[in-house]
Structure formats: structure tokens, C-alpha cells
Amino acid sequence: MDKIRIVGGNALQGTIPISGAKNAALPLMIASLLSEEKLILENVPRLADVALLQRILGNHGVDITTNGKRNGDDPDAGQTLEIDARMIVDTTAPYDLVSRMRASFWVLGPLLARMGEAKVSLPGGCAIGTRPVDFHLDALKALGAELDIDGGYVRARAPKGLKGARIVFPKVSVGATHTALMAATLADGETVIENAAREPEVTDLADCLIKMGARIFGAGTSTIRVEGVPRLTGARHAVLPDRIETGTYAMATAMAGGDVMLAGARPDLLESALDILRAAGAEIDATNEGIRVRRNGSGILPIEVSTAPYPGFPTDLQAQLMALMTKAKGRSRITETIFENRFMHVQELARLGARIQLDGDTATIDGVERLTGAPVMATDLRASVSLVIAGLAAEGETLVQRVYHLDRGFEKLEAKLSRCGAEIERISG
Ligand SMILES: CC(=O)N[C@H]1[C@@H](OP(=O)(O)OP(=O)(O)OC[C@H]2O[C@@H](n3ccc(=O)[nH]c3=O)[C@H](O)[C@@H]2O)O[C@H](CO)[C@@H](O)[C@@H]1O
Ligand SMILES: C=C(OP(=O)(O)O)C(=O)O
């Protein structure tokens with residue numbers, strides 16, 4: 001299994017291109033199932049999760065071609081996928097594929113809406129909590145689906161099609177909002193989704209669905225109204241930049257010190273995280289090119305923050321912020337309100353010398369002068385990259401093991417950081 005080796009101590013200087021967002025690309029690819037016509041997606045990141053979803057869609061009969069690079073193309077540009085779901089040959093999404101990635105469960109809504117039936121394994125994904133799917137199932141039931149769970153599979157049927165309904169989520173859920181939104185586009189009549197997720201990835205999905213002919217109003221707010229249409233068309237859509245990758249490299253720069261341009265990043269997608277970084281002592285400037293992050297000389301200041309649904313501080317940046325706070329001048333507090341078990345990085349950060357106390361959903365971090373490199377284990381996607389961030393500022397060598405987690409969500413991580421002066425490499429085998 002590959003490892004990432006980091007020798008800490010170098011400041012970061014240069015430009016890091018920001019890729020398309022994993023968490024937008026995945027539902028956008030899934031949206032192709034709603035139409036017989038071709039969906040062309042640009043700026044799709046090259047990630048293990050994207051490749052796995054290509055296999056899952058392929059299993060349903062979806063044809064996907066990836067446009068190769070031509071001479072002169074920007075080497076950092078994302079890939080373009082042409083997704084043709086004209087023929088759905090199989091409405092089953094099997095355990096061995098779905099169990100490896102959370103988002104793959106989201107094929108349920110579109111398959112059901114278009115084909116009137118689907119059988120989808122219960123999902124896997126990062127082990128950060130129990131992560132039930134009850135909101136997804138309740139939303140589909142409200143739209144008239146008949147559902148049962150048998151042998152680890154959700155079997156869903158709507159032989160006469162779905163019917164518009166009022167769906168009220170008891171808690172904000174990104175995935176359940178995607179499911180309800182996609183299913184409602186082809187339902188008969190109007191659907192109103194209350195307490196919908198406002199994450200930019202939901203808005204990106206809605207924008208693409210609108211290009212495909214869907215009638216969606218209010219995406220990006222807590223109430224989304226969908227007027228069902230009989231069919232959707234093809235479309236061309238570019239995936240929005242990854243706000244979690246942006247925040248991650250901003251924190252890496254704040255940790256290592258230096259001056260980095262996050263090219264193509266959109267500051268409006270992560271204002272709460274940028275505010276926290278400013279409070280922690282980083283200088284952040286929005287420019288035409290992207291976001292410039294600097295920390296030269298000044299120390300890292302402690303912060304107090306709770307994760308929250310968008311536009312709050314994202315849970316997907318919690319581990320990275322904790323890594324940064326391990327070297328703050330004083331005591332920080334980070335409360336995780338979204339997932340009940342998203343602190344797997346705490347014991348690994350402790351191997352590098354971090355001082356972190358856990359009490360229920362709150363971590364208290366007492367900043368230390370020095371971190372020292374050590375072998376550490378990646379446990380999930382964002383926890384893994386938090387260890388990389390800590391390694392950038394640790395004295396000596398940090399060896400991050402089980403990096404397949406990182407490959408799910410960070411494109412060319414070592415290349416992007418080493419181009420800015422970090423001593424980081426992948427050791428294969
Ligand atoms: C691929 C993708 O986009 N993943 C993101 C998505 O995950 P995902 O869509 O799985 O996360 P949700 O927003 O659904 O989860 C939010 C909370 O709702 C709970 N819940 C969710 C669904 C449900 O049916 N029942 C239920 O109780 C979850 O356990 C969690 O406590 O949003 C999370 C929250 O921003 C991010 O951390 C993940 O990176
Ligand atoms: C938790 C994440 O992914 P998933 O929902 O696929 O597990 C993530 O992207 O941080």
C-alpha cells in the first residue's frame with residue numbers, strides 16, 4: 001500500500017490549482033441517469049471516487065467517455081466526461097461497489113424516478129458516524145415510492161411514477177436533499193423540500209438539472225420547489241471548484257507559513273472557513289485569479305468554532321483546522337455537530353506531539369511549540385489530509401499510511417504541495 005512521506009519545515013510559496021469539487025461531481029454524474037440524452041460534465045476531478053462511480057454507472061448501462069488532453073491544454077484542467085444514459089440495462093447497484101462510497105447510494109432516486117424501480121445496496125463511505133439513510137427513504141416514500149429493505153438492499157418501486165409532495169427534513173442532509181431533488185424533477189406535480197441543504201454542491205446540481213430542463217426554484221435556500229416535468233434533456237455543465245480542497249490548502253499554508261495563490265478558488269463558497277483562518281492569523285485576499293493566503297512571521301492564533309451545515313463552518317474542514325490549531329499560541333475549542341464519530345484524527349495527531357482532549361462532541365486543543373514527525377495512519381479522507389497538514393510543520397519525517405483514503409478526494413496532492421516547496425513524496429508499494 002502506498003505511503004506519503006513528508007519532511008516538515010518548509011514554507012509554501014507558489015500556486016495551487018483548485019480542482020472541481022468531488023462532492024458536486026458525484027451527484028452531477030448521477031443526475032445523468034435522469035435523461036436519455038447526453039450530459040457533458042467539464043472540470044471533473046481525477047479521483048478514485050469519480051472512477052468508482054464511473055464503474056457503478058457503467059453497471060447500469062451508462063456509457064462514459066473521457067476526453068483526453070490535447071497538446072497545449074492546461075495540464076491542471078479537469079477532465080470532461082460525456083455521459084450517455086440512453087440505455088439503462090440494470091437498475092441494481094450492487095453491494096461490492098456501493099459499500100465503498102457513500103454517494104453511490106444516491107443513484108436510487110434517479111433510477112426510481114426514470115425507470116420506476118431500483119435495487120440499491122445500503123451505502124458505505126467514510127467511517128465518521130452511523131450515517132443512516134432514513135431521510136432519503138422517507139423522502140422517496142413521500143413521493144409515492146413503495147420501499148422495503150431486504151438482504152442489505154433497498155428495493156424501491158413506483159410503477160405509476162412518482163408524485164410531487166411536501167418533504168420536510170428533520171435535520172439538514174446534503175445527500176437526502178440530492179435524492180429528493182433528483183427524484184422530484186421527474187415526479188408528477190409540485191414538490192416542496194423544506195429544511196433543504198443549502199450547500200453549494202446542491203445549488204450546482206440544481207443549476208445542471210435546470211439546464212437539463214428541470215423546473216427548480218430556491219436551490220441554495222432552505223425551501224426548494226420543484227415542478228415535475230415528463231423528461232429531461234442533455235446539457236453541458238462545468239463542476240464548481242472544490243471548496244473543501246480550497247480550505248485544506250489554505251490551512252496547509254497557514255500551518256507551514258508562506259504565500260500561496262489558490263488558483264480558480266471561489267471565496268464566496270467558503271466564507272465561514274476564510275473568516276476562521278483570518279481569526280487564526282492568516283492573511284486572505286480574494287483576487288481575480290483565486291484566493292491568496294499568506295502567513296509570514298506571525299504565529300497561529302487559537303480559535304473556537306462549531307461545525308454547522310452551510311453556510312456554517314464545514315465538517316469536512318474540521319480535521320484540517322484541528323491540525324492547524326495544534327500549533328496555535330493557546331487553547332482552541334472545536335465542536336463537531338454533524339457527525340458523532342469524526343475525531344479519528346485526534347489520536348494520530350497526538351503521535352506527532354499534539355495535545356488534544358476530547359469531551360463528547362468537543363475537542364480542546366492546547367497548542368504546542370513543536371510537532372515531531374512520526375508514522376501515522378490515515379483513517380478517513382479529511383482525517384488523512386489533516387495528518388499531511390500537521391506533517392508539513394512537524395520536525396523530521398512523517399509517514400502517512402493508508403493513503404487510498406486521500407486518493408478518494410485530493411487530486412495530485414503531493415504534486416500540488418511539492419510544487420510550492422513542500423518536501424513530500426509518495427512511496428509506492
Ligand atoms: C459525498 C458527499 O457529498 N459527502 C458529504 C455529505 O455527506 P452526506 O450527504 O452523507 O451527509 P448528510 O448531510 O446527509 O449528513 C448530515 C447528518 O444527517 C444525518 N443523516 C443523514 C441522512 C439520513 O438519511 N439520516 C441522517 O440521520 C447524518 O448521519 C449526519 O449526522 O455531506 C456531509 C455534511 O456536509 C459531508 O461531510 C460529506 O462530505
Ligand atoms: C465524508 C466525505 O465523503 P463521503 O460522504 O463520501 O464519505 C467527505 O467528502 O469528506
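Let's start with Asn43, which is partly exposed, with a relative accessible area of 25%. That value falls between the two cut-offs, because buried means under 20% and exposed means over 50%. Keep in mind as you look that this is a predicted model. Asn43 belongs to strand 3, and its backbone has a feature to look for: phi is positive, at about 60°, although Asn43 is not a glycine. Why point this out? Most residues other than glycine have a negative phi.

There is another residue of this kind further along the chain. Asn195 is not a glycine either, and its phi is positive too, near 55°. Where does Asn195 lie? You will find Asn195 in the loop between strand 11 (190-194) and helix 7 (200-211). With a relative accessible area of 27%, Asn195 is partly exposed.

Now go back to strand 3 and look at its neighbour. Strand 3 (residues 39-44) pairs with strand 5 in the antiparallel sense, over four bridges. Strand 4 (residues 63-66) also runs antiparallel to strand 5, and four bridges join the two. Which residue of strand 5 is the bridge partner of Ile40? The partner is Glu82. Glu82 is the bridge partner of Thr65 as well. If you find Glu82 in the structure, you can follow its pairing to Ile40 and to Thr65.

Is strand 5 itself buried or exposed? Six of the six residues of strand 5 (residues 79-84) are buried, so the strand is largely enclosed by the rest of the structure. Try following the directions of its residues: Gln79, Leu81 and Ile83 point one way, while Thr80, Glu82 and Asp84 point the other way. The residues on both sides are buried.

A helix gives a similar lesson. In helix 10 (residues 318-325), eight of the eight residues are buried, so this helix is largely enclosed by the rest of the structure. The buried residues of helix 10 include Gln318 and Gln320, along with Leu321, Met322 and Leu324. Just look at the loop between strand 18 (304-306) and helix 10, and you will find Pro311. The peptide bond joining Tyr310 and Pro311 is cis, with omega at about 10°. For comparison, most peptide bonds are trans.

Next, turn to a sheet. Four strands form an open sheet in the order 6-7-9-8, with mixed pairing. Strand 6 (92-93) and strand 8 (146-150) stand at the edges with a single partner strand each, so one side of each has no neighbour in the sheet. The partnership of strand 8 with strand 9 (residues 153-157) is antiparallel and has five bridges. Within it, Glu146 has Arg157 of strand 9 as its bridge partner.

Two residues show how polar contacts can be traced. Ser99 lies in the loop between helix 3 (95-98) and helix 4 (108-115), and counts as partly exposed at 22% relative accessibility. A polar atom of the Ser99 side chain is 2.6 Å from the backbone oxygen of Tyr95. Ser99 and Gly124 are 25 residues apart along the chain, yet their C-alpha atoms are separated by 4.2 Å. The other residue is Thr362, in strand 21 (residues 362-366). Thr362 is buried, with a relative accessible area of 17%. Its side chain makes a polar contact of 3.0 Å with the side chain of Thr335, and the side chain of Thr362 also has a polar contact with that of Asp361, at 3.0 Å.

Finally, find ligand 1, which sits in the largest pocket. There are 19 residues around ligand 1, and those that come nearest are Asp134, Ser173, Val174, Asp316 and Ile338. Helix 5 (134-142) and helix 6 (174-185) each supply at least two residues of this shell, with helix 5 giving the largest share, three residues. What lies 2.7 Å from a nitrogen atom of ligand 1? An N or O atom in the side chain of Asp134 does. An oxygen atom of the ligand is 3.0 Å from an N or O atom in the side chain of Lys171, and an oxygen atom of ligand 1 is 2.7 Å from a polar backbone atom of Val174. On its own, ligand 1 has 740 Å² of accessible area, and the protein covers 91% of it.

Notes: Residues numbered from 1 in each chain as written. Chains lettered and ligands numbered in written order. Predicted model: local features only at pLDDT ≥ 70, side-chain atom pairs only at ≥ 80, totals over all residues. Heavy atoms only, no water. Buried < 20%, exposed > 50% of the residue type's maximum accessible area, 1.4 Å probe, protein only. Pairing = 2+ DSSP bridges. Near = heavy atom within 4 Å. Polar contact = N/O pair within 3.5 Å; in protein donor to acceptor, adjacent residues only side chain to side chain. Areas by Shrake-Rupley, 256 points an atom, 1.4 Å probe, with all protein chains shown as cover. 1 Å grid on protein atoms, 1.4 Å probe; cavity = no way out; pocket = protein on both sides within 12 Å on 5 of 7 lines; lining within 4 Å. Sits in = over half its atoms within 2 Å of the grid points.
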